[in-house]
Amino acid sequence: MASYHPFNLVIVFLCLFEVSLAQLSTSFYSTSCPQVASIVKKVVDDAIEKETRMGASLLRLHFHDCFVNGCDGSILLDDTPNFTGEKSAIPNLNSLRGYDVVDNIKAAVEKACPGVVSCADILALAAHESVVELGGPSWGVLLGRRDSKTASQNAANSNIPPPTSSLSNLISNFSSKGLSAKDLVALSGSHSIGLARCTVFRNRIYNDTNIDSTFAGNLQKKCPALGRNHTLSRLDAASPNRFDNCYYRNLLNQKGLLHSDQELVSGTATATFVKKYVSDPSDFFQDFATAMVKMGNIGPLTGKSGEVRKNCRKAN
């Protein structure tokens, strides 16, 4: 198990959100499946122990799910004769991963509590445990989402911001989901962990001017102008396996891997938060936790809407 950062010992409960986001609750499964969090933790921790990158992959699954028609588990659905799902959308194809880990979590949860815990909630819990296991903050995960019976490739293509996004496009995209510029900067801190393919940062390292020349040159050796599209580089070269604030320091030094990362220091409002998180990592941890709760409440299906899937890859 990864060692914990001191900030990780402080659980952010976010009580105000419990009041405002009354549809979801941290205690939703307290009677029907009280052991769900510990089950998810065990599977996620084992997966990260085998491959540290899996933590970033599971966190990204939750983000890509919530940004497309809300946090409804639709990202997990395989294609059917009736719809083409989100897995084959441009932002996800040959990029998103961790589906097998979600399958393992679902199997373990179903064994303990059949037909109770939704796949959408599993994604929220897995994202939380991934952050914690890699040294990041904890927060009270709001639960009670239900699963969509369908998915949309078109919605995924149009709603997930690409790595080539400008700052104005990023702010607009996040605003449409009810997330502020501060939420944008805080959630971008998820790039403290994980890897990116050459194809998504090639244009930046050859054409952007707001990039450290040595940093760009080293990346060009791994990612030529043509070919090697799937060669991987660290989103945070300083501490790629630890959830911390080094990502923001990289941006101030013009060493953001993605164009969309570096854009965060191109505007006064967002740059202010970048500098704040460099100087005070506890502020970053708190704001990230708050933003994760907000993101997790984008358009959830609750009550009798949707269903609780028995298999996360297909509707019941």
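Four residues touch the most other members of the 70-residue largest nonpolar core: Ile105, Tyr248, Phe288 and Met295. A nonpolar core here is a set of buried Ala, Val, Leu, Ile, Met, Phe, Trp, Tyr and Cys residues joined through side-chain atoms within 4.5 Å. Buried means under 20% relative accessible area, exposed means over 50%, and partly exposed is in between, with a 1.4 Å probe and protein chains only. Apart from that core lies another one, of 12 residues, among them Ala196, Ile205, Phe215 and Leu258.

This is a predicted model, in which local features need pLDDT of at least 70 and side-chain atom pairs count only at pLDDT 80 or more, while totals for chains, interfaces and linings use all residues. Residues are numbered from 1 along each chain as its sequence is written, and side-chain values use heavy atoms, with hydrogens and water left out.

**Inside the core**
- Leaving aside neighbours within four places in sequence, Ile105 is in contact (heavy atoms within 4.5 Å) with Val40, Val43, Val44, Ile122 and Ala126.

**Helix α3**
- Helices (H or I, at least four residues) and strands (E, at least two) are DSSP runs, numbered from the N terminus.
- α3 covers residues 54-66, and its 13 residues reach 19 Å from first C-alpha to last, close to the expected 18 Å. That expected span is 1.5 Å times one less than the number of residues.
- Why call α3 largely enclosed by the rest of the structure? Because 12 of its 13 residues are buried.
- The buried residues include Met54, Leu58, His62, Phe63 and Cys66.
- Among the elements covering them are α2 (36-50), α4 (99-112), α5 (119-133), α7 (167-175) and α14 (281-295).
- Leu61 is part of α3, and at 0% relative accessibility it counts as buried.
- Skip the neighbours within four places in sequence, and Leu61 is in contact with Ile75, Leu96, Arg97, Gly98, Tyr99, Val102 and Leu123.
- Leu61 and Leu76 are 15 residues apart along the chain, with 8.6 Å between their C-alpha atoms.

**Helix α14**
- α14 has 15 residues, which should span 21 Å at 1.5 Å a residue, and its end C-alpha atoms are indeed 21 Å apart.
- Its buried residues include Phe284, Phe285, Asp287, Phe288, Met292 and Met295.

**Empty space**
- Rolling a probe the size of a water molecule over the atoms shows where empty space is left.
- On a 1 Å grid over the protein atoms alone, a cavity is a set of points where a 1.4 Å probe fits but cannot get out. A pocket is an open set with protein on both sides within 12 Å along at least five of seven lines, and lining residues have an atom within 4 Å of a point.
- Grid points are joined across faces, edges and corners, and a volume is the space filled by probe spheres set on the points.
- How many cavities of 30 Å³ or more does the structure hold? There are two.
- The largest cavity holds about 70 Å³ of space, and His62, Trp139, Arg145 and Met292 are among the residues lining it.
- The largest pocket has a volume of about 1100 Å³. Of its 47 lining residues, Arg60, His64, Pro163, His191 and Leu258 lie nearest its centre.
- Which element gives the most to that pocket's lining? It's α3, with six residues.

**The loop between α9 and α10**
- Asn210 sits in the loop between α9 (198-207) and α10 (213-222), and Asp208 is found there too.
- Is Asp208 buried or exposed? With a relative accessible area of 17%, Asp208 is buried, whereas Asn210 is partly exposed at 22%.
- A polar contact is a pair of N or O atoms within 3.5 Å; within protein, one must be able to donate a hydrogen and the other to accept it, and residues adjacent in sequence count only if both atoms are side-chain atoms.
- One such contact, of 2.8 Å, joins the side chains of Asp208 and His259.
- Another, of 3.2 Å, links the side chains of Asn210 and Arg204.
- The C-alpha atoms of Asn210 and Cys312 are 42 Å apart, with these positions 102 residues apart along the chain.

**Two backbone oddities**
- Most residues other than glycine have a negative phi.
- Asn94 has a positive phi, near 60°; Asn94 lies in the loop between α3 and α4 and counts as exposed at 55% relative accessibility.
- Arg228 also has a positive phi, near 55°; its place is the loop between α10 and β4 (232-234), and at 52% relative accessibility Arg228 counts as exposed.
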